[in-house]
Amino acid sequence: MATTADASLPTLTESVDSWKGSSLLSVTQITPAGLQLLFDVSQGMRQIVRTQGGDDRLQHRLLGTVFYEASTRTSCSFQAAVMRLGGKFIHVDGQGNSSANKKGESLEDTIRCLECYTDATVLRHPVHGSVGRVIQMATKPVLNAGDGVGEHPTQALLDVFTIRDELKITNNDKPKLTVVLLGDLKHGRTVHSLAKLLAQSQMTAQLTLQYCSPPGLEMPQTVQDFVAKYDNVTQQYVTNLAEVVATADVLYVTRIQRERFASDDAYEQVKGSYVVNNEIMSQAKSSMIVLHPLPRVDEIATEVDADPRAAYFRQMENGMFVRMALLALVLGVAQK
Amino acid sequence: MATTADASLPTLTESVDSWKGSSLLSVTQITPAGLQLLFDVSQGMRQIVRTQGGDDRLQHRLLGTVFYEASTRTSCSFQAAVMRLGGKFIHVDGQGNSSANKKGESLEDTIRCLECYTDATVLRHPVHGSVGRVIQMATKPVLNAGDGVGEHPTQALLDVFTIRDELKITNNDKPKLTVVLLGDLKHGRTVHSLAKLLAQSQMTAQLTLQYCSPPGLEMPQTVQDFVAKYDNVTQQYVTNLAEVVATADVLYVTRIQRERFASDDAYEQVKGSYVVNNEIMSQAKSSMIVLHPLPRVDEIATEVDADPRAAYFRQMENGMFVRMALLALVLGVAQK
Amino acid sequence: MATTADASLPTLTESVDSWKGSSLLSVTQITPAGLQLLFDVSQGMRQIVRTQGGDDRLQHRLLGTVFYEASTRTSCSFQAAVMRLGGKFIHVDGQGNSSANKKGESLEDTIRCLECYTDATVLRHPVHGSVGRVIQMATKPVLNAGDGVGEHPTQALLDVFTIRDELKITNNDKPKLTVVLLGDLKHGRTVHSLAKLLAQSQMTAQLTLQYCSPPGLEMPQTVQDFVAKYDNVTQQYVTNLAEVVATADVLYVTRIQRERFASDDAYEQVKGSYVVNNEIMSQAKSSMIVLHPLPRVDEIATEVDADPRAAYFRQMENGMFVRMALLALVLGVAQK
């Protein structure tokens, strides 16, 4: 059963009413059945975009997108999502010389003011805990788009959606699944949330998580402890991608983030060691998929893009569908 | 009767035709009956937003929002306003490295070009007089969103709308009203416009304006002279908020703006002296309202937010309704 | 016949099917009959904007506007164009601290990701050849909004549209035309494209191009060579605007761009020598038109604005109509 991070946060279930008006801080708020609902709605959204571009269920609705940290991809995805449903958005760049920054206004006041104009808020902030703090005082739904070393729940949701979708996993047919997580697992917020959500989602009969990272960039103990609570999950440390790629169903690649290293030298030493290219791909199953939260630098060679198993751009697209579903659910228009 | 600042500016009356196609530089263009029209339309806008989020009367219309000075709040409010009515906007940030800045283009040319794409312009500029200059050559309505030490008419309009609305003032029942203006009254463009508009609006049988400011930051003589022309207005200087708060119907708080002071020391000396907190509130009438143009820093303690007399977030929301009304009027779709 | 710059680029003809899903890198892709189609659709767009503000043929469609170089005018024009047709846009400022810049992502990946959310991309980039490179891998139509010293095709298209429109040129009645190109002809991408498109468009029975530029800023030989292939075009160098203005049908003025000069001194020496004012205008035909890609600085005196032959703001407006037509064509909704 899902453990909600904070007792004051709503639990999001298979009932659409549990989502309406709710904020999303963490994937731990979502029950396995709630996840199923979100993904069903997401698939419906994909169908709508494919056949008619979008619809008008968010007509006259406004989303505030507030980013105190650069994230073109996440902000664009949310903005596209609200527009595909006929809504509009107001973007506040908290990095620039906005009133908030220049005039000493508190984060809470900035959001409280924006809510006077909008129907929901997407918030990204570099300080862990800040989004949770805002949710406590907000009068409209707030969606966490990343809060420092905290969570980035919509990324985890679109990752799991993509795995289910690409591997055709249904609730009636739960597979054994081997997922390799590759790269900087220490700082990668994305892989923390993904490991936890995969375990918690109960979508597999047996899940093997293989952690493959440079020394010093291992998956944090707290994440391992969370995952260890689930009986059907095995966690393994591997040091060589080539050894394990043959058994993988999912290869989840992350950036070795330059900004996480003390020096450029330290970065250059490891960056090449975890690269996915056609040679690696030749050792993998024909049914395996490669995912990446993007942007990538060198960790997936562009030669891999043409491989049908390269699912990262489809994953990207799914991000919009999942965010459309999320917006529709919290704004009470999922069932049009 | 209203005195129009510049004879070439249109007078805005109870006739919707007087607004259609007009620019707004100053509240002095608006007659008392024109104000009543604007506020009636504003209340209609609030009803529309509350019941259905918005409507489509500005479908296919584009607003240009041009800001040569940071003002997230004002730009967001105008943007929300046009979108709630089904319109869209193009935002030009005149502070950044826009063509205008880099290529030596005149302000007039920048606006003239934008008008080739849009139906109306919202303009904020740090130089007093610049918005008026643009209005003289513009081919579409221009709305002043603040020009340096000049006017910020939509702020004054939403302030007066909020006072009328919160205190349930109607034209048939004009009250005696005591308004305390607190803080930096010298530099606060907002309080200058508010004092003038309150006097000019003829909405009170008797108006007492109590100016409460740090030494050296008193209300300018020009504003006092303007107000003094109205027989039913009394102006008083008070030095201690606690002494007058008991009689106030409206307590209008403004920031002691750090950027107006010569040094940080000079700022620190006065900033704490004009703070509204629960202790002050306990001395005020139960019907009094607290207003603030926002953003606030320390001048209203957050403990006051829960007090039902704290009207500043409702005031914020009213800003969108008043701007919706203004856009509808100048674009000729107030009567849908 | 049109020579397509790159054999892999689609040729755009009088058939709407040739435009649907196509990218536009260069005006050389467009046949004379294709140009006629584009301009017919553009005129229809003007009619729609004039009578009803716009329409909804791009409802649910999203345009990505990606600018790695400041160009307020071009980005606003495209944004206005998509919104006038009921669509929406996502803007990515590639200059700022976007993910792309900070995280080392390739231009190709940035565009490929954005395409996951959008239906077409407008791209401006300072490096010549970059837009062409993107077009080769793109999955959705890409419209070149300027690539360094390369092309800026929509500018050339709106320039030629304006000349045809202002001078009432039709395919049935091809005139003799004298066009003076004035200013920095060496660096002015705009005049390069214009000269080529005028020659290639076959809209004149006889075309005389008169190049009038400061020493050292002459029209490049490559452009002259391209134009020289067309039998009915004559190219002339003139050193004095006053000598030729009397015979001009079109006077196309460009900025002497300060940023192109080695020093401010070098700039100051020439900037005043190519100024259009009322005195110059008094020597021109009553049917002549003055064009300018804007922004202007001193090269056209503001006193000329009131002259009915000053067509540069109409030219500006035409930019939106031509871009509306282009978007409608590549997105397959030109014939609504």
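In this predicted model, P295(C) lies in the loop of chain C that runs between β9 (289-291) and α13 (312-330), and the peptide bond leading into P295(C) from L294(C) is cis, with omega near 5 degrees. The briefing below takes up the cis bonds, the positive phi angles and the relations between chains in turn.

**Cis peptide bonds**

- Most peptide bonds are trans, which gives the context for the bonds listed under this heading.
- In chain C, the cis bond runs from L294(C) to P295(C), and its omega is near 5 degrees.
- In chain B, L294(B) and P295(B) are joined by a cis peptide bond whose omega is about 0 degrees.
- P295(B) is located in the loop of chain B between β9 (289-291) and α13 (312-330).

**Positive phi angles**

- Most residues other than glycine have a negative phi, and the residues below are to be read against that background.
- Q202(A), although not a glycine, has a positive phi of about 55 degrees, and its place in chain A is the loop between α8 (189-200) and β6 (206-212).
- The relative accessible area of Q202(A) is 34%, so Q202(A) is classed as partly exposed, given that this class lies between the limits of 20% for buried and 50% for exposed.
- Q202(B), likewise a residue other than glycine, has a positive phi near 55 degrees, and Q202(B) sits in the loop of chain B between α8 (189-200) and β6 (206-212).
- With a relative accessibility of 35%, Q202(B) also counts as partly exposed.

**Relation between chains B and C**

- Chain B is superposed on chain C, with an RMSD of 0.0 Å, by a rotation of 120 degrees that carries 0.0 Å of shift along its axis.
- These two copies are therefore related as by a three-fold rotation axis.
- Within chain B, the C-alpha nearest the axis belongs to K88(B), and it is 5.1 Å from the axis.
- The surfaces that the copies use are different, since 4% of the contact residues of chain B recur in chain C.

**Relation between chains C and A**

- A turn of 120 degrees, together with a shift of 0.0 Å along the axis, lays chain C on chain A with an RMSD of 0.0 Å.
- In chain C, the C-alpha nearest this axis is that of K88(C), at 5.1 Å from it.
- For this pair too the copies use different surfaces, with 4% of the contact residues of chain C recurring in chain A.

Terms used:
Residues are numbered from 1 along each chain as its sequence is written. Chains are lettered from A and ligands numbered from 1 in the order in which they are written. This is a predicted model: local features need pLDDT of at least 70, side-chain atom pairs count only at pLDDT 80 or more; totals for chains, interfaces and linings use all residues. Side-chain values use heavy atoms; hydrogens and water are left out. Copies are superposed by least squares on the C-alpha atoms of residues with pLDDT of at least 70 in both. Contact means heavy atoms within 4.5 Å. Helices (H or I, at least four residues) and strands (E, at least two) are DSSP runs, numbered from the N terminus. Buried means under 20% relative accessible area, exposed over 50%, partly exposed in between (1.4 Å probe, protein chains only).
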